[in-house]
Amino acid sequence: MAEMCRSLYRRFRGSFRQRLLNGWEALVVFLAAVVIFLVGSEFDAFDRFYRYSREHEDWELDELALLVILVAVSSLILLFRRARELKHEMELREAAERRERELARHDTLTGLSNRRVLMDALQSLGGKPSRGARQMGLFLIDLDRFKPVNDLHGHGVGDRVLVEIADRLRATVPAGSIITRLGGDEFVCVVSSETEDELSSLGRKIVSALSRSIHLGAHEVKVGASIGVSRIGVDACEPEEILRTADIAMYEAKADGGGACRFFCADMDENLRARSAFEDSLRLALSEGQIVPYFQPVIDLRSNRVASFEALARWEHPERGTLAPASFLPHIEEMGLLGLLTESILRKSCEAAQEWPEHVAVSVNVAPQQFQDPWFSTGLLDILSQQNFPPQRLIIELVESAVLENSEAARAAFDQLHAAGVRIALDDFGKGYSSLSNLRSFAFDYMKLDASLVNGVGNAQGNRLIDAITYLSQALNLPITAEGVETHSNALALRLLGCDLAQGYHFGKPMDALAAAQFAVSKPIVRRTTEYPKVVERSLNVEPLPCARQPSGIEGS
Ligand code: C2E
Ligand code: CA
Ligand code: CA
């Protein structure tokens, strides 16, 4: 019952509020009051009422009239208050609607306009080549190296970088330009200028403004920008087409290594079609198993026997022959298919290794960003158990990378693989980015010396460098594999300098699974290095057999 009363009350209140909203009804009430007043005056109604109430004093008609007047006055006051409330509510609603319209046209993070505003503006330009005699250009800006910022420092820092980029764009492009965030790390500026040269110089200015370091408290972040420019009305007229042509030009800037601005030209369209056909065939190659591991032997320099094989991806292309990874690996990475490639190479490598003596291991290359994937190590161990392959026979080769540092996911993957018995080698040591912090933070099982250092062997400085690295590796109990060994004398020198293992054309080029199976059981392929120590020691001018030296200074500390 109480609930029914409450509901009736709510309905009554609602309809009362609704009614108050109705201006026509208020007018009718007002007019009715005026008519009653006029009719009352005409017929002398007030005097009559006065007399009548006097004559019937006991009916208390004057008190009743007073009550009616009081009710009428308080209703008027309520009416007035309600009208004020309604006005206030209307103002709030209008402000909210304005804000909603604003949000629908702006990017909430950077405050820049969004895609809708851009498309409306491009539509209204209608593909006109110029405003007056001016040239309009659309700059499509994609940040370089933004993903690692998010991966390494988290999305909070990533967002602050985007806000800073937006501020730099506002400060760089001429007033009156449209600046839009398309989404993610993609921005667009639509700029009017006198000449095409002016547009080019603006492109360079934007690249340099966005490449400056960004300081965010404790973090210093450096991104860059790749820019594609479409001349509106020249390269394209329709909004979607303008964006597409700018995108193609931007892609060219990226393909050239980023940090550049490119104007669209028709050839680029052709390149893009060719690239997309290439990517389709690559996808097919991966699914049809045309990408296979070739195996390069790694030799134990003490015994001159095969210690392991490194699996190196090759595309056995039906028309173009056997292709090296440099021609397809970057595309695979860009297409997000690195995981599939690793899985396929790992499975095929395990199969091939079943044909080798049990002490011969297989090493597989893994990109550092794969270590960021929390499921990577579990997936890898699953594959090993499906292939019935002992984890102790697998070595993962991992290049040095800033991505590994500060990454909890990488550390967890590392520990899980180690615990299962998989060994992990630090690949390409001494090439480009070299940070000893990875050596300190991760317990690698091997260190692979990059070919660029190995090629320096034979001259005094190169020898000293390798000598110092082998000294370090002994202190860390980390066997060293020298890569890219092409000559017998280099092999001897590296042995003397303390390298434990070696790999290179001198011992064997990467070969298919069948050849690797034969190689694995063949006799030692080089003469024992100890046959020539004196000659090599003299030519190298180093201490004899540094591998026998004890790193006493370090041990004693
Ligand atoms: P990497 O891991 O440093 O492999 C060694 C590269 O040096 C191989 O090139 C090998 O063929 C080449 N090489 C070996 N000995 C010599 C030599 O004596 N002289 C010279 N000049 N080169 C030698 P490749 O096979 O072209 O591979 C290039 C890179 O591609 C590899 O460098 C590795 O980083 C990457 N890669 C290859 N296969 C895979 C794969 O399955 N997955 C991933 N993520 N990366 C792979
Ligand atoms: Ca490698
Ligand atoms: Ca390497």
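The expected span of a helix is 1.5 Å times one less than its number of residues. Keep that rule in mind for the first close-up; every view here comes from a predicted model.

**View 1. Helix H12 passes a simple length check.** Helix H12 covers residues 338-353, which makes 16 residues, so at 1.5 Å a residue the expected span is 22 Å. The C-alpha atoms at the two ends of H12 sit 22 Å apart, in agreement with that. Now for what H12 hides: its buried residues are Leu 338, Leu 341, Thr 342, Ser 344, Ile 345, Leu 346, Ser 349, Cys 350, Ala 352 and Ala 353. As background, an α-helix has 3.6 residues a turn, so residues three or four places apart point the same way.

**View 2. Four side chains hold the calcium ion (ligand 2).** Glu 310 (OE), Asn 365 (OD1), Glu 397 (OE) and Asp 427 (OD) coordinate the calcium ion (ligand 2), at 2.1 to 2.3 Å. Along the chain, these donors are spaced as E-x54-N-x31-E-x29-D. Distant parts of the chain get linked this way: Glu 310 belongs to strand E10 (residues 305-317) and Asp 427 to strand E14 (residues 423-429), with the two positions 117 residues apart. Glu 310 and Asp 427 are both buried.

**View 3. The calcium ion (ligand 3) shares a residue with ligand 2.** For the calcium ion (ligand 3), the protein donors are Asp 427 (OD), Asp 428 (OD) and Glu 483, with Glu 483 (OE) listed twice, all lying 2.1 to 2.4 Å from the ion. The spacing of these donors along the chain reads D-D-x54-E. Which residue bridges the two calcium ions, ligand 3 and ligand 2? That's Asp 427, and the ions themselves lie 3.8 Å apart. Asp 427 and its neighbour Asp 428 are both buried.

**View 4. Ser 363 reaches over to a calcium ligand.** Ser 363 is found in strand E12 (residues 361-366). With a relative accessible area of 1%, Ser 363 counts as buried, because buried means under 20% relative accessible area. Its side chain makes a polar contact of 2.9 Å with the side chain of Glu 397, and Glu 397 is one of the residues that coordinate the calcium ion (ligand 2). Setting aside neighbours within four places in sequence, Ser 363 is in contact with Phe 309, Glu 310, Ala 311, Ile 395 and Glu 397.

**View 5. Strands E12 and E13 run side by side.** E12 and E13 are parallel, joined by five bridges. Among the pairings, Val 364 has Ile 396 in E13 as its bridge partner. Strand E13 (residues 394-399) is mostly covered, with five of its six residues buried.

**View 6. Ala 166 is tucked into helix H7.** Ala 166 lies in H7 (residues 155-172). How high is the relative accessible area of Ala 166? It's 0%, so Ala 166 is buried. Not counting residues up to four places away in sequence, Ala 166 touches Thr 110 and Leu 112. Thr 110 is 56 residues away from Ala 166 in sequence, yet their C-alpha atoms are 6.2 Å apart in space.

**View 7. Zooming back out to the whole protein.** The protein has 21 helices and 17 strands. Of its 557 residues, 43% are buried. Among contacts with a separation of 6 or more, 69% come from residues 24 or more positions apart. The protein exposes about 30600 Å², with carbon and sulfur atoms supplying 56% of it.

Methods. Residues numbered from 1 in each chain as written. Chains lettered and ligands numbered in written order. Predicted model: local features only at pLDDT ≥ 70, side-chain atom pairs only at ≥ 80, totals over all residues. Heavy atoms only, no water. Donors = N, O, S within 2.8 Å, 3.2 Å for Na, K, Ca; no water. Helix = DSSP H or I, 4+ residues; strand = E, 2+ residues; numbered from the N terminus. Buried < 20%, exposed > 50% of the residue type's maximum accessible area, 1.4 Å probe, protein only. Contact = heavy atoms within 4.5 Å. Areas by Shrake-Rupley, 256 points an atom, 1.4 Å probe, with all protein chains shown as cover. Polar contact = N/O pair within 3.5 Å; in protein donor to acceptor, adjacent residues only side chain to side chain. Pairing = 2+ DSSP bridges.
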